[in-house]
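Here are my notes on the model you sent over. I've kept them as numbered points so you can follow along with the structure open.

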Amino acid sequence: MRVATRVVFKISNTFPEWAKVFDADRLNQESAGITPVFRGVSESDPSKVMAILVAEPGALAKFMKNNPDVATSGHIIGSEEFTNWLTF
């Protein structure tokens with residue numbers, strides 16, 4: 001069963017810079033079974049990003065571990081807060 005995962009994390013660059021790398025990696029996300037639903041930046045903290053992604057359990061963690069673009073995008077590894085939501 002696929003789950004929607006809400007990820008909140010910090011970035012070391014601007015949101016447009018991070019989003020450019022995230023969006024350019026769409027084919028890799030899709031081939032890993034990950035469907036991006038939303039991405040946005042905090043209104044009060046421009047270094048805080050939220051993304052909502054739908055995937056099979058474990059797919060997102062595997063993708064993040066094996067994808068060097070995650071760190072080079074400005075995503076600060078280790079700053080993530082994950083919340084999973086069931087989809088029906």
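1. Let me begin with the contacts. This is a predicted model, so please read everything below as computed from it. Among the contacts in the chain with a separation of 6 or more, 70% are between residues 24 or more positions apart. Keep that figure in mind for the strand pairings and for the contacts of individual residues further down.

2. Now the overall layout. You'll find 4 helices and 4 strands in the chain, and in sequence order they read β-α-α-β-β-α-α-β. The radius of gyration is 12 Å, close to the 12 Å from the globule rule for 88 residues, so the chain is as compact as a globular protein of that length. If you prefer box dimensions, the C-alpha trace spans about 35 × 25 × 20 Å along its principal axes.

3. A word on surface and charge. Of the 88 residues, 34% are buried. The accessible surface adds up to about 5500 Å², and carbon and sulfur atoms hold 60% of that. On the charge side, I have 9 positive and 10 negative side chains, with the centres of the two sets 3 Å apart.

4. Next, the strand pairings, starting with the hairpin. Strand 2 (residues 35-41) and strand 3 (residues 48-55) form a hairpin with 6 residues between them. They pair in the antiparallel sense over 6 bridges. Two pairs to click on: V41 has V49 of strand 3 as its bridge partner, and P36 stands opposite L53 in strand 3.

5. Strand 1 (residues 3-10) pairs with strand 4 in the antiparallel sense, over 6 bridges. Strand 1 is also joined to strand 3 by 8 bridges, and those two run antiparallel as well. V7 is a handy residue for seeing both sides: V7 stands opposite F82 in strand 4 and opposite A51 in strand 3.

6. Is strand 4 buried or in the open? Strand 4 covers residues 81-86, and the number of its 6 residues that count as buried is 0, so this strand lies largely in the open. That's worth a look alongside its pairing with strand 1.

7. Which residues does Q29 touch, beyond its neighbours within four places in sequence? Q29 sits in helix 2 (residues 26-31). With the cut-off for buried at under 20% relative accessible area, Q29 qualifies at 3% relative accessibility. Leaving out those sequence neighbours, Q29 is in contact with F22, I34, P36 and F63.

8. Two of those partners deserve their own points, and F22 comes up here. F22 belongs to helix 1 (residues 15-24) and counts as buried at 13% relative accessibility. Setting aside residues within four places in sequence, F22 contacts Q29, P36, R39 and L53. F22 and P36 are 14 residues apart in sequence, and their C-alpha atoms are 9.8 Å apart in space. Recall that P36 and L53, both on that contact list, stand opposite each other across the pairing of strand 2 with strand 3.

9. F63 is the other one, in helix 3 (residues 59-66). F63 counts as buried too, with 13% relative accessibility. Not counting residues up to four places away in sequence, F63 touches D25, N28, Q29, A32 and I34. A32 makes a nice example for the distance tool: F63 and A32 are 31 residues apart along the chain, yet their C-alpha atoms are separated by 6.8 Å.

10. Finally, a residue for contrast. Is S44 buried or exposed? S44 is found in the loop between strand 2 and strand 3, and S44 is exposed, with a relative accessible area of 72%. Try a distance here as well: S44 and K65 are 21 residues apart along the chain, and 29 Å separates their C-alpha atoms.

Key
Residues are numbered from 1 along each chain as its sequence is written. This is a predicted model: local features need pLDDT of at least 70, side-chain atom pairs count only at pLDDT 80 or more; totals for chains, interfaces and linings use all residues. Side-chain values use heavy atoms; hydrogens and water are left out. The radius of gyration is taken over C-alpha atoms; the globule rule is 2.2 Å times the number of residues to the power 0.38. Buried means under 20% relative accessible area, exposed over 50%, partly exposed in between (1.4 Å probe, protein chains only). Contact means heavy atoms within 4.5 Å. Accessible areas come from the Shrake-Rupley method with a 1.4 Å probe; for residues, only the protein chains shown count as cover. Lys and Arg count as positive and Asp and Glu as negative; His and the chain ends are not counted. The place of a charge is taken as NZ of Lys, CZ of Arg, CG of Asp or CD of Glu. Two strands pair if DSSP finds at least two bridges between them.
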